[in-house]
Every structure is written in C-alpha cells, then in structure tokens.
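Me: I'd like to walk through this structure with you, starting from its interior and ending at its ligand. Shall we take a look together?

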Amino acid sequence: MAQEQNKGQNKNPKLKKPKFNIFWIYILLLAIIIYIWTSGYGSSKSSVSKEVTWDKAQKVLLNRDFSAIKVVNKEYAEIFIKQEAISRGDTLYNDIYKNDGGVFSNNKITLDNLNASYIYKFVTFDDFRQQLDLISNQWTVEDTLNKGLSESQKADIIAKNHINPVSETKGGFWLQNSGWIISTLFIIVIWIVFFRFMGRGSSGAGGGGLSGLFSVGKSRAKLYDKDQNTHVTFSDVAGLEEAKVEVMEIVDFLKNPDKYTKLGGKIPKGALLVGPPGTGKTLLAKAVAGEARVPFFSLSGSDFTEMFVGVGASRVRDLFNNAKAKAPCIIFIDEIDAIGRARGKNAFNAANDERENTLNQLLTEMDGFGTNAGVIVLAATNRADILDKALLRAGRFDRQIYVELPEVKEREAIFKVHMKNLKFDKNEVSVDFLAKQTPGFSGADIANICNEAALIAARRSKQVIGKQDFLDAVDRIVGGLEKKSKIISPKEKERIAFHEAGHATVSWMLEFANPLLKVTIVPRGRALGAAWYIPEERQITTKQQMMEQIISLLGGRASEQLTFGDISTGALNDLERATQMATAMVKYYGLDEKVGNRSYFDSTGQSEYSMQQQFSEKTAELIDERVDLLLREAYASACKILEENKDNLRVLAELLRDKEVIFREDVQNIFGPRKWADSIDGIKPEETPKQESEAQQEETNNQ
Ligand code: ATP
C-alpha cells in the first residue's frame, strides 16, 4: 500500500516542477555589490577626464583655469579644471560640461559634484617643464607690465607664478584596482570556504562548495541501498542475541506488513537502542542496513544542528520526505540525545531554541498528521533517561532495545569475531581465558585489545600474536602506556610500594573486596602504581560489599599513615572514588539508616541543569554527616586490618619495592590462602599468566 502511494506521488507532475533556487538571489546580490563597487556609486564627486592636445591645454593654463597639475608616471599630465571656470560658461569647456544639456549635464552630474580634468600626453617631461615655464613667464609679463613694480615685488610675482606640478606613480589597471579586486576575491573565497565547511559531509543533494551552501537545509543522511551496502552482517555482531531478534523483527515489519496488519495491529514507528558506549549499537544498526535489503538512511543527531536557525527542522523534514519517497525504508539516527534531550525544563534552557525546534519537528514527523507508512526510525543513545518523554512514548519510539555490556560468553564471542583476521598462537592464546580477564569491557574495548595486541606483537617483530601480547594490550588499555623513564626517588618508590601493598593487604583480608590479580609500582598513564583487580560480575551490590570496596580503596592511605606517620597526595584517585561510592550509598541507594530509604537519584538527568537542590539544607547536612561517618568508619577498618597485619604488610611492600610487579601468588605466599573463593579461582592455575592485568585498578595518583 505504502509503496503504491509513493509511486503515485512520484508520478504527480507537480513534484517535477523545477523549484525556485535561492542560488540566483545570491548571484544577483553579488552582481549588485560588484556594480556598486566598480561604478563608484556613493562617492561624493564624479570624475570626468578628456585627453586634449597641447593647444587646448595651453589655453587652459594661460587662462589660469586650473587648480592643480598632476604628472603621472612622467608620461602625461592631468590638469584639473577650476569649477568657476566651467560655470563661467566658456565654450572652451563644452567638451566636458555643457550647461544646456551637453553630454555630462545630465541629472547625475552637476557642477557641484564634478571633478573635471584634461589629460595631456607630452613627449618628454623636460619638454613639458619648459612649456610650463613659458606659461609662467607669460603670466609674469601680464602681471608686471606697466605696473612700475620694484625688483623685489617682481621677484615675488615670479616666484608665485612658478607652476609646480605634483608627481604621481600609478600602476596599470590591475595595480590600480588591485585593492578592491583582492578584497572582493578574499570575501568570495571566505564565503565559499565557510559554506563548503558547512556543507561538508552532506551527501546526495548536499556536497561541498556552493552546493554545500545552497543545501544547508537538506538532510545529511547517508543512504545505503542495494547499490551501496554497509558490508556488515549479523555474523559481525557477536552476542546481543535478544537485540538482534528485536531488530530483525522490525525489518520483518517492513517487508511483510500485511502479516501484522491483517489482524488489526499497527506497525511500530520506531525503536531505540539504549546502552553504554561501545556496546555495539551502531554496529547492530549497520548490520540491519546490511541485512534488511531496504533503503537505510543513516545519520547522527548532531547532523541536524547548524549555526542557522531553522536548519535543523528543515533537515528533519527533508529527511522524512526522502525516506517517504523510498518507503519501505529505515532511518537510523545515532546519538539521538544531541537533539532529543528533554525540552526546556530548566532556567537556562527555557527558551524555545533551535534544538527544541528540531526535536519538535522530529516529533511531528514521527507522529504528526502526515503518515510515514513504511518508514521505521531506529535510534541509538547512551542515555535514554535524558530524552524527552514525548519522544519515548508509544507511537514514536514504541520499543526500547537494551544493549548491555557483554557477559563472559558474549565477550568470548566478540573476541572470536575480532580475532578472525588476526594471526595468533592458537596453542597459547585461549579466547575463554581472555574473556574471563576482561569483565566490564565493552565490545569496542575488546576490538581495541585485539588491535593493540597485533601492534604490540608487530613491534616485537613476532610472526604470530602471543598470549603476553594480549595481556600487555589489556594492561595498556586499562592503565595507559608504561612510563619506565619517569624519575622516581627511592623514598617516593618506598611510599608508593607501601601504598599499593596497603590496598593489596586490605583487599586480601576482606571477603567482598574485588579479587586481586596483580600489584605494580611501574608508572603507567597518570598513575604511579596500581593494584589490579577482577571485579565480580554481579547485578546488584549489597551494603557490605560496597563498604568493603571503600575500605580497600582507603587501604593505601591507611598504610602510608601507619608506616610513615604521615600521608601524601598520592591517594587522590582513591579518595575521589571512595567519596563517590559513599555519597551514592547515602544519597542514591538509601543504604544509610539515618537518611533512610530515600533516593535523590534523578534518572531524567534534569537536575544537572537545575539550580535548586532536591532536598532541604537540613537533609544536605545530614547527607554530608553520614558520608563523612561512612568514610571515617571505612578508614578506621582499613587501619585496623593493616595494624593486625603489620609485619606481612612490610614484607609485601618490600618485595614490591624490589620486584616492582608482584602477582596474586606472591601475596598468597605471604598471607596464606584467602579464606573465600572468588572469581579468579575460576581461571585455571595453569592459565594464570606470569603477568596479568585487570579491568579495574586502584591507583596511586601522581598529582
Ligand atoms: P557509542 O554509544 O559510543 O556510539 P556504540 O554502542 O554505538 O557506541 P559501536 O560504535 O557500535 O558502539 O561499536 C564500536 C566498535 O566496537 C564496533 O565497530 C565493533 O568493532 C566493536 N563492537 C562493539 N560491540 C560489538 C559486538 N557485539 N560484536 C562485535 N564487535 C563489537
């Protein structure tokens, strides 16, 4: 049905009517500007010049009818005529101005705004100089004859009558006009560059240069259809089984709408892919484009925004028009939060700004009076919570598809996808082991590890990628680049060793602290040292578990206090994270008995912009007090554990200081086996590498 409708629309001759192109208005404006520039319109005087012979020039000079003489390039003289000479009505000047309707006596040029001159081209400048001297002499004779003047008076008159032409050097046409030509060209170039920049990335009707300028309001969606494919299929997307089923169902709606509508159902208008960064939302959408075999318009939320008002809404309209013409089809809007944020609920954003107009247009297009039969909108975001509620309601994005961080089996599958093209040692590298080593990693992180491992192996001139290369890649991605060249004094090294040993000791002694894998004091990224853990993969966390995490975070500082009687700035990162956790316990999770079962968590994201606190001053004080108490209790517990294990702490710290990197086994040798089984125990001992690294680290910050 939808297809037929559209076909019908395309046949409509009205649609084929050439549209008025705003391009011509710009060209006209440019032409007017150039005309005004070149015609000198607006200048106070109109210049009129005529070339004359010496006879005529001589008459003008003898009559003393000139105001100045300009000698240009020693080639010709420009003799400027006095206005009163012309107004005398002397026929001598009829060739440049005629009172009775001559060539220049039209409406534009009046005597007042006339700047008249004669051009006399002399043979040589010396000849001309002599001719001027003769004229001067003639004047002097006229001025002195029969006047009985004294010699000094005569001398004065001779001096006064001396004609002094002004010299001037002028270039040719180009040089003369270079000023305005260059400035005009400059403006045009800036103009083109500016609009090319704005038009960049536009496809189809867009394009760069002037076409970019004239297609500012056009949609920038990239179209994938049978001629141009994304070459991504569902086999490239590992895991995400439920999400795959849901998106495939959407494709099926488009291909077989009758199957659903014959029972009275309506085809969904849109689906929103929601999940943390790098979990494969865009990849999934690309796979839909690759598999669906229907036209697929892909663009990002920021592609709608432009510095001009109204452009966003116009692009939305254009996008839907294009899509309707190609129905059945899919529109994919990545990072939709760029335009889909909740509308003006805060003091700064109350105005009906450009983004809101764009969003309003999107809302209208998705569920307005006009129908978009056969167009399904897929969108992706990291934060569905901040999106406008109107966007999420049924009838627009009817479905929300959650794309979560991968579980261990999914990570294994993602590793397999990305290791397909890698040359790695199949006997040494176990995909299962790598998956267990990387809890909390997203698909993008895993893709990055595989690539980084290949680069590390290449740097080591290896033929195949080994296990160590993968582990080093994980280390590098979690902790940053190793900085062996960083100069650390022996005293600092000792302090860092005790700090990290403090973390290791405390977490070893606590049931719910994350299982320790490795401790290092080799500087990496911004950290001077780190204790590496494998976080437990859990869906909910208990109060006790959170508390023990905080205690182990404060173990570093407690160890410094206990050993050196003094604390340092190295605990910045620990303190930041501990404070965040304690605040979340009290303020968001309702885990504090005094504050009670209250949560000030704002899932809509509106409080980010709000100037008002959600709670009273009294509650704020109570929250502060309870967070403080939690942290103090945690610190006291950390100190107590370390005090009880003082000797082992020293042995561990000294070992760490000397070896720089120690592993779980070293800690176990000193403290004895841990009382509780943890997730690392799931990794078989023979798989535990000599050097391991983890998804989570507690680090000594170097600030
Ligand atoms: P963001 O929200 O930051 O835009 P995203 O969820 O859209 O992130 P993608 O751009 O789809 O993430 O993923 C980035 C890269 O991560 C992909 O190009 C791919 O290499 C890899 N990746 C992510 N998830 C998977 C997966 N499930 N299977 C295979 N590769 C994946």
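Me: Which residues of the largest nonpolar core touch the most other members?

Reply: Happy to help, and keep in mind that this is a predicted model. The core in question holds 46 residues. Those that touch the most other members are Ile-550 and Leu-652.

Me: Which element supplies the largest share of this core?

Reply: Several elements each supply at least two residues of this core, among them helix H21 (490-509), strand E12 (516-520) and helix H25 (646-659). The largest share is nine residues, and it comes from H24.

Me: Which residues is Leu-652 in contact with, leaving aside its neighbours within four places in sequence?

Reply: With those neighbours set aside, the list includes Ala-501, Ala-504 and Thr-505. The others in contact with Leu-652 are Ile-662, Val-667, Ile-670 and Phe-671.

Me: Now to the ligand: which side chain places a polar atom 2.8 Å from a nitrogen atom of the ligand?

Reply: Two other polar contacts use the backbone: an N or O atom of Ala-238 lies 2.8 Å from a ligand nitrogen, and one of Gly-278 lies 2.9 Å from a ligand oxygen. The side chain you are after belongs to His-418.

Me: How much of the ligand's accessible area does the protein cover?

Reply: 18 residues surround the ligand, and helices H12, H17 and H19 each supply at least two residues of that shell. On its own, the ligand has 630 Å² of accessible area. The share covered by the protein is 79%.

Definitions and conventions:
Residues numbered from 1 in each chain as written. Predicted model: local features only at pLDDT ≥ 70, side-chain atom pairs only at ≥ 80, totals over all residues. Heavy atoms only, no water. Near = heavy atom within 4 Å. Polar contact = N/O pair within 3.5 Å; in protein donor to acceptor, adjacent residues only side chain to side chain. Areas by Shrake-Rupley, 256 points an atom, 1.4 Å probe, with all protein chains shown as cover. Helix = DSSP H or I, 4+ residues; strand = E, 2+ residues; numbered from the N terminus. Core = buried A, V, L, I, M, F, W, Y, C linked by side-chain atoms within 4.5 Å. Buried < 20%, exposed > 50% of the residue type's maximum accessible area, 1.4 Å probe, protein only. Contact = heavy atoms within 4.5 Å.
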